[in-house]
Amino acid sequence: MKKLICTLFAAALICSGCIKTEETVLINKDKSAEISDSLMVDEQYVVSDDTFSRAIITAQNKYPDVEITNVGKKGFVGKKFTYKIKDITKSNAEQILGFHSRNEGGIFLQEKKGFFKTRYIVDAEFDIPHTARDISGTMGRALTYEQISYIFNSEFKIKTPIKAVITNATTSDDENMMYTWTLSTENSTPIKLEYDIYHIANIVWTSIFGVLAGLIMLFKIYKFFKKESPEEIKRRQAFF
């Protein structure tokens, strides 16, 4: 929701206040996802819900089924916009989240399928300075790094269905599978995360077949090296 964030960012500039944003992606095992944007302004500058009216209209126009709730955090108040994605592995990162993905086709979550497991990969970057330049152009005024740092405080979070095997998150909560990046206002922030979903059925069946093949091989080896008794030799000769 890059445009939505820019709208509130511009509002924060006008009132000389400060804005906090938190964008969270909750990924489920079935590849569906729930995305929420929490956009908060310093509470001393919020006089009514009209402060967020433009952001609300923008969100409703882009996602008619968006769920909008109140949110607050340490002196900030705002709105939380939540919407659902049926298949995050087919969703364009630029369109749904407003950042550049290095994955093929700009996909937010890339799949690398294997027989025993599928690896899911997020490889992207958030460019807060670029967003600030967009707003500077819209408002007809240039923003200094100090202004951007003061006004814009942003975090991006991903909650995975299983513990990540690779991540460059600022903070990692492996127990709750929540990974958080503090977005830089000076340079673009790389977002890297990978996790594996194992195909239990394939692993179990492969193990069963492996055990059976091993037992058959051991039986053949046993038969090959087993010495026949005189009685067994006579029975075999009599049979033929």
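Helices and strands are DSSP runs, at least four residues long for a helix and at least two for a strand, and they are numbered from the N terminus. The structure described here is a predicted model.

**Two residues with positive phi**

Between strand S1 (19-27) and strand S2 (33-42) runs a loop that contains Lys31. The phi angle of Lys31 is near 75°, a positive value in a residue other than glycine. Lys31 is partly exposed, at a relative accessible area of 21%.

Met177 also has a positive phi, about 55°, and is not a glycine. Its place is the loop between strand S10 (171-173) and strand S11 (178-182).

**Salt bridges**

Side chains of opposite charge can pair when their charged atoms come close. How many salt bridges does a search of the whole structure find? The search finds seven. Among them are the three in this table.

| Pair | N to O distance |
|---|---|
| Arg102 and Glu125 | 3.2 Å |
| Lys117 and Asp196 | 3.4 Å |
| Arg119 and Asp196 | 2.7 Å |

Consider the pair of Arg102 and Glu125, which form a salt bridge. Arg102 sits in the loop between strand S5 (100-101) and strand S6 (110-113), while Glu125 belongs to strand S7 (residues 117-126), so this pair ties together parts that are 23 residues apart in sequence. Arg102 is partly exposed at 40% relative accessibility, and Glu125 is partly exposed at 21%.

Asp196 takes part in a salt bridge with Lys117. Lys117 is in strand S7 and Asp196 in strand S12 (residues 189-198), so the bridge ties together parts that are 79 residues apart in sequence. Is Asp196 buried or exposed? With a relative accessibility of 4%, Asp196 counts as buried, because buried means under 20%. Its partner Lys117 has a relative accessible area of 31% and is partly exposed.

Arg119 forms a salt bridge with Asp196 as well. Arg119 lies in strand S7 and Asp196 in strand S12, so here the parts tied together are 77 residues apart in sequence. Arg119 counts as partly exposed, at 22% relative accessibility.

Which residues are joined into one network by salt bridges that share partners? They are Arg102, Asp123, Glu125 and Lys192. Two members of this network, Arg102 and Glu125, form the 3.2 Å pair listed in the table.

Definitions and conventions. Residues are numbered from 1 along each chain as its sequence is written. This is a predicted model: local features need pLDDT of at least 70, side-chain atom pairs count only at pLDDT 80 or more; totals for chains, interfaces and linings use all residues. Side-chain values use heavy atoms; hydrogens and water are left out. Buried means under 20% relative accessible area, exposed over 50%, partly exposed in between (1.4 Å probe, protein chains only). A salt bridge is a side-chain nitrogen of Lys or Arg within 4 Å of a carboxyl oxygen of Asp or Glu.
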